[in-house]
Amino acid sequence: MNGTLNETEWERGLLLMHSLYPDWPLTRRAVPPRSRLYHLAPVGVGTEHVETLTSYVTRLAAAHAVPVSKLVGHEIGPLAVRPKLGSQFATGTQRRFVPLINCQSYILNASGYAAQNWVTQLHHLTGEDKLRFLTTLCWNGAVSGEELVRWYQAWCPQCYQGWRDAGEMVREPLLWVLRAVSMCTLHRRQLETRCWNCGRTPHVLTGRSRSGHCGHCQAWLGSNDPGPSGDEQTAPEEAYELWVAREIGGLLRAAPCVSHAMSAEILRANLRACSQHLFRKGARGRSLARIVGASASQVVGWLINGYLVKLGPLMRISYRLGIPALDLLSCPSEVFSPDWSLVEENLRRTAGDASPMNPKRVIAIPDSPHPMPLTVVLQITGYNSLRNLRNQDAALHRELVVKHRGTRRAAWKKRLREARASTLAVIEEALLASLIVDCPQLLTKTALALDFESSTRLVQLFPELCAAIIAKRAGWKGRQWAEKAAIARQAARQEMPPTVESLATSLGCRSRTPVRKRFPSVVAALAARSTERVNKRREMVRIALEKALNEDPPPSLDDVAKRLGRGRCTLQRLFPEASCALQVRYHDWKRQAARQAREALESEVARLVLDLHTRGVYPSYDRVGSLLPAGMQGAYIVEIVRQNREMLGIPKHHAAIS
């Protein structure tokens, strides 16, 4: 039996059950296919708070009561494979592809091959067919995947706490991982990116991930601490960020219904229609680039070269034109007909927006008590250049330029005066500190420490202090050289005069040149006594060799050479007879010491062999060797033991003893 029922047995069983129970159906019921993992339904599909694929993996691991690392390593990872590698890799086999569940986990929520691969494998493992809406794959082919998702986790603490208190499923919404979104639409507060406990930025997915907890320290990230208020006084930039979050939330909400209808061709056709209706011929690309805050080459890439538009520029286009992004992406050109008068009015209303902030934000910048450089203003407001600002808002450009021209010179002069006063005080303090010590520092070194190229500027600013430092240093140097001259003259009168090099070293000079220049008479006296010095040193060496010949035990020639600071070859060349005699005496002593040690070993072995034999113990090699002192061990002990056993008439083997 193979454990299965054939058709005849199955039909027979159905008839038997029908006879017993008349209402028992005679048709075979279809059994749905079984999945390897739980058929866990994703949370929030069709809403703006749809969870991410990494959040789904985290909840799936929690449902199976295993860590994320185990689920990925044993179930999902082994099934995820790379496509065949190109010919540049020496092999065309498929290799396992398991993205790191730390720093590279963000790609699972993007629109690339890794996300598609994991969606496919999770569909096979769980049987769930809506997993592609947990990633940005629903926008594939319509929005560029560059700079689309964050590399790290972002969250709203109030949302986490609210879901937990209400008993709802805690998850990571896809809206929060998008780079263009920085605010929570429910609580109107900035998203958090750093853990309050460890201060680190959590990764999107780690081996210990838990929904609503930090992936590093496992701290709960939820909180009831309210964020910024959401009344009408909301800052303009926050209002734009809130608008972007809501607009993208609308795209996520409509993704299950219209994701198949979104395409880059529809967006390209709609942008061309907007350019034709709003701008004059010949300047449409530049005009569209100005209102979006992009370069003309980018707009040409979108409209002509077929480049995909990033999510951030798409939101700016939708904001400036007042047309929902969903209509730009999914509405065909045949039915795309917005109210152009409202679009033109929205363009005029947002004409002063800085990509695309409120005009109050930009106009408040010139009134700042500390005016910023125009380059910083451009970075804050989002304009690419002053020409772009002048073309979009000439009045604002003129106000900024006039404001900064009037204040820049005054601020520069004030900073110059303050810096000059501070610099003078620092320079004077450094010069006074150098003047106090016995040996003042060189003015050049002081200037380098103060970031000056030379000491000329110091002399110009403080001539009296510099002159005093120079005079004091000159007096100190004179006293030093006077002391060195006395030491040099005394060294020249010594019984064993030194060399010029050793004298320079003892005086602290790096070379013998200063000694030759400052003490020529001392150098001449040392040169005149050089032959005397050589002869005396040789005589000292000869006397040392003679003393070594009388030492007991005699030293080796190498030891005597090290003792005298000379080389072995030098001693053999200068004193061949004494060196030879020293070597002969040393080798004779070594041979005599070895002979005495051998005789002592033989006598000790003979005593041990006789003693063991007298006690009736067989004198084996190992037994005799174990009784010898540590200093009397040797390889020739075997021969000595054998000779002593023969002399005593002991048989070779112990068994031969009667």
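Where is glutamate 172 found? This predicted model places glutamate 172 in the loop between helix H5 (157–166) and helix H6 (174–177).

**View 1. Glutamate 172 is a buried acid without a salt bridge.** The nearest side chain of opposite charge belongs to arginine 171, 9.1 Å away. A salt bridge needs a nitrogen–oxygen pair within 4 Å. The side chain of glutamate 172 does make a polar contact, at 3.2 Å, with the side chain of glutamine 153.

**View 2. Glutamate 48 pairs with arginine 253 in a salt bridge.** The structure holds 18 salt bridges. In this pair, the closest N and O atoms are 3.6 Å apart. Glutamate 48 sits in the loop between H1 and H2, and arginine 253 in helix H7 (residues 236–258), so the bridge ties together parts 205 residues apart in sequence. Glutamate 48 is buried, at 15% relative accessibility. Arginine 253 is partly exposed, with a relative accessible area of 41%.

**View 3. Glutamate 551 forms a salt bridge with arginine 563.** The closest N and O atoms lie 3.0 Å apart. The pair links distant parts of the chain, 12 residues apart: glutamate 551 is in the loop between helix H24 (530–549) and helix H25 (557–564), while arginine 563 is in helix H25. Glutamate 551 counts as partly exposed at 27% relative accessibility. Arginine 563 also counts as partly exposed, at 48%.

**View 4. Arginine 598 and glutamate 602 meet in a salt bridge within helix H27 (residues 576–614).** The N to O distance is 3.2 Å. The two residues are 4 apart in sequence, so about one helical turn separates them. Arginine 598 is partly exposed, with a relative accessible area of 32%. Glutamate 602 is partly exposed too, at 34% relative accessibility. Elsewhere, salt bridges that share partners join Glu146, Glu147 and Lys310 into one network.

**View 5. Four arginines gather in a patch of positive charge on the surface.** The members are Arg537, Arg538, Arg566 and Arg573. Arginine 573 belongs to helix H26 (residues 568–574). Its relative accessibility is 60%, so arginine 573 counts as exposed.

**View 6. Leu16, Leu20, Tyr21 and Trp24 form a nonpolar patch on the surface.** Together they have about 440 Å² of accessible area. Tryptophan 24 lies in the loop between helix H1 (7–20) and helix H2 (53–63). Tryptophan 24 is partly exposed, with a relative accessible area of 38%.

Notes:
Residues are numbered from 1 along each chain as its sequence is written. This is a predicted model: local features need pLDDT of at least 70, side-chain atom pairs count only at pLDDT 80 or more; totals for chains, interfaces and linings use all residues. Side-chain values use heavy atoms; hydrogens and water are left out. Patches are made of residues with over 30% relative accessible area and no salt bridge: like charges are joined within 9 Å, nonpolar side chains (Val, Leu, Ile, Met, Phe, Trp, Tyr) within 5 Å. Accessible areas come from the Shrake-Rupley method with a 1.4 Å probe; for residues, only the protein chains shown count as cover. Buried means under 20% relative accessible area, exposed over 50%, partly exposed in between (1.4 Å probe, protein chains only). Lys and Arg count as positive and Asp and Glu as negative; His and the chain ends are not counted. The place of a charge is taken as NZ of Lys, CZ of Arg, CG of Asp or CD of Glu. A polar contact is a pair of N or O atoms within 3.5 Å; within protein, one must be able to donate a hydrogen and the other to accept it, and residues adjacent in sequence count only if both atoms are side-chain atoms.
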